[in-house]
Amino acid sequence: MTVNSSPQLWIYDTTLRDGTQREGLSVSIEDKLRIARRLDQLGIPFIEGGWPGANPKDVQFFWQLQEEPLKQAEVVAFCSTRRPNTNVAYEPILQAILAAGTRWVTIFGKSWDLHVTEGLKTTLPENLAMIRDTIEYLRTQGRRVIYDAEHWFDGYKHNRDYALQTLETAIAAGAEWLVFCDTNGGTLPHEITQIITEIVKVIPSDTKLGIHTHNDSDTAVANALAAVMTGVRMVQGTINGYGERCGNANLCSLIPNLQLKLGFKCIEENQLSQLTDTSRFVSEVVNLAPDEHAPFVGRSAFAHKGGIHVSAVERNPLTYEHIQPEQIGNRRRIVISEQSGVSNVLAKARSFGIELDKHDPTTRKILERLKDLENDGYQFEAAEASFELLMRQALGSRQQFFEIRGFQVHCDLGQGEANTSALATVKVAVNGKDILEAAEGNGPVAALDAALRKALVNFYPQIATFELTDYKVRILNGHTGTAAKTRVMVESGSGHQRWTTVGVSTNILEASYQAVVEGLEYGLLLHSQAEAAVIGNR
């Protein structure tokens with residue numbers, strides 16, 4: 001079955017509402033707008049923007065989208081049913097919904113009798129009236145309604161008849177979609193299949209159904225897939241699985257599973273190839289580190305480390321890859337480590353544009369050097385920039401942009417973090433000329449980085465565009481106390497490019513110095529390669 005002839009699924013993204021309820025995640029209005037436009041570009045048909053009226057930020061978000069609408073996606077406002085024993089026409093939360101100006105509104109109501117009596121402190125008939133009145137009112141105001149049946153599966157298990165009444169009420173009131181919500185995330189896939197199968201038999205056959213799952217049992221994606229296989233056609237989730245507690249169903253796993261493996265149409269093929277970039281874009285905007293081991297979109301999702309694996313993948317990627325990484329915008333990576341064989345070294349060299357001969361003694365030399373360094377505590381799996389420099393050193397093609405003659409770091413420890421400062425002095429040689437510079441920073445690594453840049457920027461102005469984006473420290477053999485070896489990983493960046501370098505020493509400053517220096521060197525290498533490519537294309 002080709003994608004073009006596949007049944008349509010409607011992806012409903014709730015990153016901007018449910019996703020932002022994740023602990024430690026906070027976004028500005030500008031952040032929400034950037035994410036919404038990126039999801040629109042990805043081809044997501046429904047984007048839930050938030051709960052207008054719940055906070056000023058969401059109100060302004062919807063107002064701004066009225067001024068500059070998205071290109072294809074429907075922006076959805078989210079809200080609860082009216083409160084118990086109130087007049088729906090005078091309900092402030094619903095007036096805020098109408099002011100948001102969206103064509104579609106998602107309303108959630110209680111399916112579980114426990115929540116009605118214990119949470120809302122009202123009667124079961126009044127809860128039905130709340131569902132009916134709210135949906136009917138929104139319909140009279142020209143809104144199309146998606147009804148989220150909150151705690152649906154728990155409600156069905158505890159009081160099947162009442163849970164069904166809530167659905168029947170929503171259908172009769174004019175809801176166009178019924179969405180089954182596993183709000184507590186405790187349902188398992190076989191239960192999803194069983195319950196939805198039973199429901200489909202007793203509700204009108206033309207009812208459009210959706211699924212909304214949480215990941216508390218680590219089955220959110222599996223539950224959503226089970227629901228789709230049982231007839232559901234709307235799938236709600238979030239980018240990267242962000243959400244309250246353990247998160248929501250991860251659209252970055254759901255979309256490729258649904259489209260590439262089950263043959264459903266979710267988004268266009270050219271949009272599917274943007275999935276990895278979208279995942280990483282959202283993680284950057286919300287300031288959370290990407291999950292490197294995430295299925296499909298993680299940096300390690302198509303990384304191969306074992307020598308046997310690498311040899312096989314080089315011959316036929318199907319041997320150890322379940323899809324082509326390019327389909328979802330990812331790429332194959334050959335990981336270099338102490339477990340590497342010659343195949344890894346050859347493949348990794350090719351990824352850097354370096355052709356090696358497996359019979360060349362230099363190849364074996366690189367491999368042996370690699371294993372010696374990793375035995376000393378170095379790690380090149382993530383520090384690919386350092387590994388490329390290592391290869392170029394062995395091949396005699398490592399360009400020497402500068403040479404470090406020496407450095408010193410002095411720290412002043414004041415009262416409190418704000419009063420701590422460091423002064424670094426470096427001596428470097430460029431084109432045979434010695435330069436001595438000093439710079440201050442709020443810590444020794446920052447001071448060292450600043451001093452190096454200050455010494456080099458007049459010779460290499462592009463250094464001004466480099467930035468140190470991440471700094472990680474790991475103690476390798478803690479049982480040796482203060483004599484323990486320390487591994488420092490430094491991530492540097494310039495625009496859209498990022499690279500990681502590594503340093504190891506019993507002295508944390510020495511390890512940091514190694515990583516920072518190689519980070520600057522590799523950035524200069526990338527810049528020189530880019531300039532050479534431009535000249536070559538003229």
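Me: How much of the protein is made up of buried residues?
Reply: Buried residues make up 53% of the 538 residues in the protein. Please keep in mind that this is a predicted model, and that the values I give you are computed from it.

Me: How many helices and strands does the protein have?
Reply: There are 18 helices and 16 strands, and the C-alpha trace spans about 85 × 60 × 55 Å along its principal axes.

Me: And what about the surface, how much does the protein expose?
Reply: The exposed area comes to about 24700 Å², with carbon and sulfur atoms supplying 48% of it.

Me: What share of the contacts join residues at least 24 apart?
Reply: If you take the contacts between residues at least 6 apart in sequence, 67% of them join residues at least 24 apart.

Me: Let's look at one piece, then. Why is helix 9 described as largely enclosed?
Reply: Helix 9 covers residues 220–229, and 8 of its 10 residues are buried, so the helix is largely enclosed by the rest of the structure. The buried ones are A220, V221, N223, A224, L225, A226, A227 and V228.

Me: Which elements cover those buried residues?
Reply: The cover includes three strands and two helices that I can name for you: strand 6 (177–182), strand 7 (208–213) and strand 8 (234–237), together with helix 8 (189–200) and helix 10 (251–261).

Me: What comes just after helix 9?
Reply: Just after helix 9 you meet G231, which takes a positive phi of about 125°.

Me: Which residues other than glycine have a positive phi?
Reply: Two that I can point to are H151, with phi near 55°, and F296, with a positive phi of about 70°. As background, most residues other than glycine have a negative phi.

Me: Where do they sit, and is each one buried or exposed?
Reply: H151 lies in the loop between strand 5 (144–150) and helix 6 (152–158), and its relative accessibility of 5% is under the 20% cut-off, so H151 counts as buried. F296 is found in the loop between helix 12 (275–285) and strand 9 (303–304), and at 6% relative accessibility F296 counts as buried as well.

Me: Changing topic, what does the side chain of E126 make a polar contact with?
Reply: The side chain of E126 makes a polar contact with the side chain of R82, at 2.8 Å. E126 lies in helix 5, which runs over residues 124–140, and E126 is buried, with a relative accessible area of 14%.

Me: What else does E126 touch?
Reply: Leaving aside residues up to four places away in sequence, E126 touches P84 and N85 as well as R82.

Me: Now pockets. How much space lies in the second largest pocket?
Reply: About 660 Å³ of space lies in that second largest pocket. The elements that give two or more residues to its lining are helix 15 (361–375), helix 16 (384–395), strand 11 (403–412) and helix 18 (508–536), and the largest share, 5 residues, comes from helix 18.

Me: How many residues line it, and which lie nearest its centre?
Reply: The second largest pocket is lined by 22 residues, and those nearest its centre are Q393, R398, V517, E518 and E521.

Me: What is the lining like by class?
Reply: By class, the lining of the second largest pocket has 11 nonpolar, 5 polar and 6 charged residues.

Definitions and conventions: Residues numbered from 1 in each chain as written. Predicted model: local features only at pLDDT ≥ 70, side-chain atom pairs only at ≥ 80, totals over all residues. Heavy atoms only, no water. 1 Å grid on protein atoms, 1.4 Å probe; cavity = no way out; pocket = protein on both sides within 12 Å on 5 of 7 lines; lining within 4 Å. Points joined across faces, edges and corners; volume = space filled by probe spheres on them. Helix = DSSP H or I, 4+ residues; strand = E, 2+ residues; numbered from the N terminus. Nonpolar A, V, L, I, M, F, W, Y, C, P; charged D, E, K, R; others polar. Buried < 20%, exposed > 50% of the residue type's maximum accessible area, 1.4 Å probe, protein only. Polar contact = N/O pair within 3.5 Å; in protein donor to acceptor, adjacent residues only side chain to side chain. Contact = heavy atoms within 4.5 Å. Areas by Shrake-Rupley, 256 points an atom, 1.4 Å probe, with all protein chains shown as cover.
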